Amino acid sequence: MPDLVRTGLSLERDLLEQFDKTIAKRGYNNRSEAIRDLIREHLISEEGDQNRVIAGTLTMVYDHHQPNLTERVVEIQHHAHAHVLAATHVHLDHHNCLEVVIMKGRSAELRTIADQILSLRGVKHGKLVITTTGKDLK
Ligand code: NI
């Protein structure tokens, strides 16, 4: 029997209702197992050789009316100019921007850049997708 720990979390009612609906569709019988799977997925995505040179795309949606946010996003990318190959920005509507930043560098470095941006207030969603540079694949 694994050593189980009970924990609690606070979140918006709407968010929890949406979560319950989506996990029911995917066949989960209970919320705990769905959250355990999310945690495992997160842990796997954090694994790997931190020194391996990878390519990655950071996709994010943010509200450009959030004070200083656009400036901070640009500043972080300038600071990381050696790793940022390109960035594309589209205006989704009056408030929301979608930006994709294409990067290449050591795994740990790209994660740091992504975390700096994703943790900014006003960034609504974002994800770093890591892929190979292709050199190690035939
Ligand atoms: Ni925009």
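Here is a short chat about salt bridges and one glutamine in this predicted model.

Reader: Hi! How many salt bridges does a search of the whole structure find?
Author: Hello! The search finds five of them, in a model that is predicted.

Reader: Nice. Which residue does Glu-33 meet in a salt bridge?
Author: Its side chain meets that of Arg-36, at 2.8 Å from N to O. Both residues lie in helix α2, which covers residues 31-46, and they are three residues apart, about one turn of the helix.

Reader: And what does Asp-37 form a salt bridge with?
Author: With Arg-40, where the closest N and O atoms are 2.5 Å apart. This pair also lies in helix α2, with a spacing of three residues.

Reader: Is Asp-37 buried or exposed?
Author: Somewhere in between: Asp-37 counts as partly exposed because its relative accessibility is 28%. Arg-40, at 40%, is partly exposed too.

Reader: What about helix α3, which side chains meet in a salt bridge there?
Author: Arg-72 and Glu-75 do, at 2.9 Å from N to O. They are three residues apart in helix α3.
Author: Back in the other helix, salt bridges with shared partners join Glu-33, Arg-36, Asp-37 and Arg-40 into one network.

Reader: Changing topic: where is Gln-77?
Author: Gln-77 sits in helix α3, residues 69-79.

Reader: Why does Gln-77 count as buried?
Author: Because its relative accessibility is 11%, and buried means under 20%.

Reader: So what is Gln-77 in contact with, leaving aside its neighbours within four places in sequence?
Author: Its contacts are Met-60, Val-84, Ala-87, Glu-99, Val-101 and Ile-117.

How values were computed. Residues numbered from 1 in each chain as written. Predicted model: local features only at pLDDT ≥ 70, side-chain atom pairs only at ≥ 80, totals over all residues. Heavy atoms only, no water. Helix = DSSP H or I, 4+ residues; strand = E, 2+ residues; numbered from the N terminus. Buried < 20%, exposed > 50% of the residue type's maximum accessible area, 1.4 Å probe, protein only. Contact = heavy atoms within 4.5 Å. Salt bridge = Lys/Arg side-chain N within 4 Å of Asp/Glu carboxyl O.
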